[in-house]
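I opened this entry to look up a set of annotated positions, one helix and the contact between chains. My notes follow in the order in which I checked things.

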Number of protein chains: 2
Amino acid sequence: MLSVTILGNNSAVPAFNRHPTSQVVSHDGTNYLVDCGEGTQIQMIKYKIRRGKITHIFISHLHGDHYFGLIGLINTFSLLSHKQEMHIYAPAPLQQIIEIQLKVADNILSYPLQFHTLTEPAVLVDNEKIKISCFRTTHRIECYGFLFEEKEGKRKLLIDKVQKQEIPVSFYSSLQAGLDYITPKGKRIPNEDVTANPEKGKKYAFCADTRYDESIIPHIYGADAIYHETTYLDNMRERAVERFHSTTKQAALIARKAMVKKLLIGHFSSKYATLEQFLQETKEVFPNTELALEGVTYNIH
Amino acid sequence: MLSVTILGNNSAVPAFNRHPTSQVVSHDGTNYLVDCGEGTQIQMIKYKIRRGKITHIFISHLHGDHYFGLIGLINTFSLLSHKQEMHIYAPAPLQQIIEIQLKVADNILSYPLQFHTLTEPAVLVDNEKIKISCFRTTHRIECYGFLFEEKEGKRKLLIDKVQKQEIPVSFYSSLQAGLDYITPKGKRIPNEDVTANPEKGKKYAFCADTRYDESIIPHIYGADAIYHETTYLDNMRERAVERFHSTTKQAALIARKAMVKKLLIGHFSSKYATLEQFLQETKEVFPNTELALEGVTYNIH
């Protein structure tokens, strides 16, 4: 099961008890942290995120509301004596920012920290369970979105048929892997007679901070869910262009053109005390929209 | 009135809803921020600290739990379009850490930021209202405490006597400044006949992170209140030495030897869920002790 838990949904200035950007993408026992605004580690405690399951951290860009909480989290992992390797994916200058802060504190981390510099569209993680890649978005400084693609699961046993054919339990995992079964008498039972196709892997995209830009569509096309920023309501289109952000209807248009199933919206400007209008305006263009609310986990299905 | 409001009283790892070190010393309409752990700006909102009244920030040392919230605060002041000059006093490397983070974000602040490098005992601020100086403490890295000395106020008018002598209201401020009054007939009314001595200026010391070290005593001697860290209970004396921190009884002993009036204790290790025993142990040696509790303002009198 692929899911995303929102830790912060606000833009830069903390307001109305909303926090800067951070979210946790969870898949099969691993937590992938996406952006890490100030206070993220406190939000993790509040929302009972298992920090020990975090092995990969993705930072979209180096505006403070997306990474000022990272150095504290790196430190805390060490104070808690973590041993597991930690992978950080971010624009290049973050490495120096981290290193200088560790150096002045005379700190040696308890675990290995691997820094990976983000570049143009690239696959960052690719294993039997998940593929994670990045794509450029259009912001005032170098900025990346992240695409999480769950790998297709195992074939599903049709247990009535499997039992009717008297296939031994010890061969079940081979069936799930797609093998045919040969009976003791030498008869071949085709795999597709006793199994069904696996569920298609789910696809989630975090579209970071960005101006309205259709060039991201090929990357997120057909996703089961995307998170797209809506810093402003629709009447602030001009300010959105100036500040390299998006409005409600722009996010909805991207979702619609990219034929995604569901849209989560966030990164709300601190000038807005309430969020109802964000939801309403976005839904006018893309009905299957939800507000990305802090502390809420959204299953991707 | 001199007072101190605690924003964070915990050591490095956030726990039990306690936050890393930060406190606000308030005097005559100005807020002086002392240390700025992660989440300080959120604590300020929670406890209704007037951010606009902060013009000076003092950072004791460059362990993250004392400064990771600073860059976010600097950023927020700019996003809120502050114009007033901001003075930061800290160990030298902090300047580079701030500058690199502003540079990668392509940020120009809306206000002038003046960085002052801390050195051996030095006067940092000295005006008609207050004198603020720093002194070294004994920690794993370069670390400073801060001493706030309120200047003596104006002389107090003894209003019955002033009126009996028929001194005009227009001369009251001269009386407060210590001048004698000459009547229209040329008679001298000595100042001390119609005024009383002003209240003595109050003195508060923030003793930062430190091992037990009597060398700080001359700096804080006779203070009306000091804040001294008690990272550990008394049975952890050995660990305290190893980690360059203090225990309850060590803090109390410093307070007693320095003849201060009141002791606030904080920087509690995250291993302790409750704080009662900190208070109890410290009071055994120095009775006028209080826990430095988050959100509480302690008047210095």
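I began with H61(A) and asked whether it is buried or exposed. In this predicted model, H61(A) has 0% relative accessibility; the cut-off for buried is under 20%, so H61(A) counts as buried. I placed H61(A) in the loop between β4 (54–58) and α2 (70–79) of chain A. I then listed what H61(A) touches beyond its neighbours within four places in sequence: H66(A), Y67(A), P91(A), H139(A), I141(A), E142(A), C143(A) and D209(A). I also noted a polar contact, at 2.8 Å, between the side chains of H61(A) and S60(A).

Next I looked up the annotation. Which residues does the UniProt "binding site" cover? The unreviewed entry gives H61(A), H63(A), H139(A) and D209(A). I checked how they lie in space: they span 149 residues in sequence, but no two of their C-alpha atoms are more than 10.3 Å apart, so they gather at one spot. I found H61(A), H63(A), H139(A) and D209(A) in the lining of the largest pocket.

I went on to H139(A), which sits in the loop between β8 (130–136) and β9 (144–150) of chain A. H139(A) has 9% relative accessibility, and I entered it as buried because the cut-off is under 20%. Not counting residues up to four places away in sequence, H139(A) touches H61(A), H63(A), D209(A), T210(A), R243(A), F244(A) and H245(A). I recorded a polar contact between the side chains of H139(A) and H63(A) at 3.3 Å.

Then I checked helix α3 of chain A, residues 93–104. At 1.5 Å a residue its 12 residues should span 16 Å, and I found the end C-alpha atoms 17 Å apart, which agrees. I listed L94(A), I97(A), I98(A), I100(A), Q101(A), L102(A) and V104(A) as buried in α3(A). What covers them? I noted that the cover includes α2, β5 (86–90) and β6 (113–117) of chain A, together with α3 (93–104) of chain B. Just after α3(A), I saw that D106(A) takes a positive phi of about 55°.

Last, I turned to the interface. I counted 34 residues of chain A in contact with 34 residues of chain B. The area buried between the two chains is about 2,800 Å², with 64% of it from carbon and sulfur atoms. Which residues of chain A lose the most area to chain B? I wrote down E38(A), F68(A) and V104(A), together 22% of what that side buries. V104(A) was already in my notes as a buried residue of α3(A).

Conventions
Residues numbered from 1 in each chain as written. Chains lettered and ligands numbered in written order. Predicted model: local features only at pLDDT ≥ 70, side-chain atom pairs only at ≥ 80, totals over all residues. Heavy atoms only, no water. UniProt positions renumbered as here; feature names shortened; annotations may be inferred. 1 Å grid on protein atoms, 1.4 Å probe; cavity = no way out; pocket = protein on both sides within 12 Å on 5 of 7 lines; lining within 4 Å. Helix = DSSP H or I, 4+ residues; strand = E, 2+ residues; numbered from the N terminus. Buried < 20%, exposed > 50% of the residue type's maximum accessible area, 1.4 Å probe, protein only. Contact = heavy atoms within 4.5 Å. Polar contact = N/O pair within 3.5 Å; in protein donor to acceptor, adjacent residues only side chain to side chain. Expected span 1.5 Å × (residues − 1). Buried area = accessible area lost by both parts, 1.4 Å probe.
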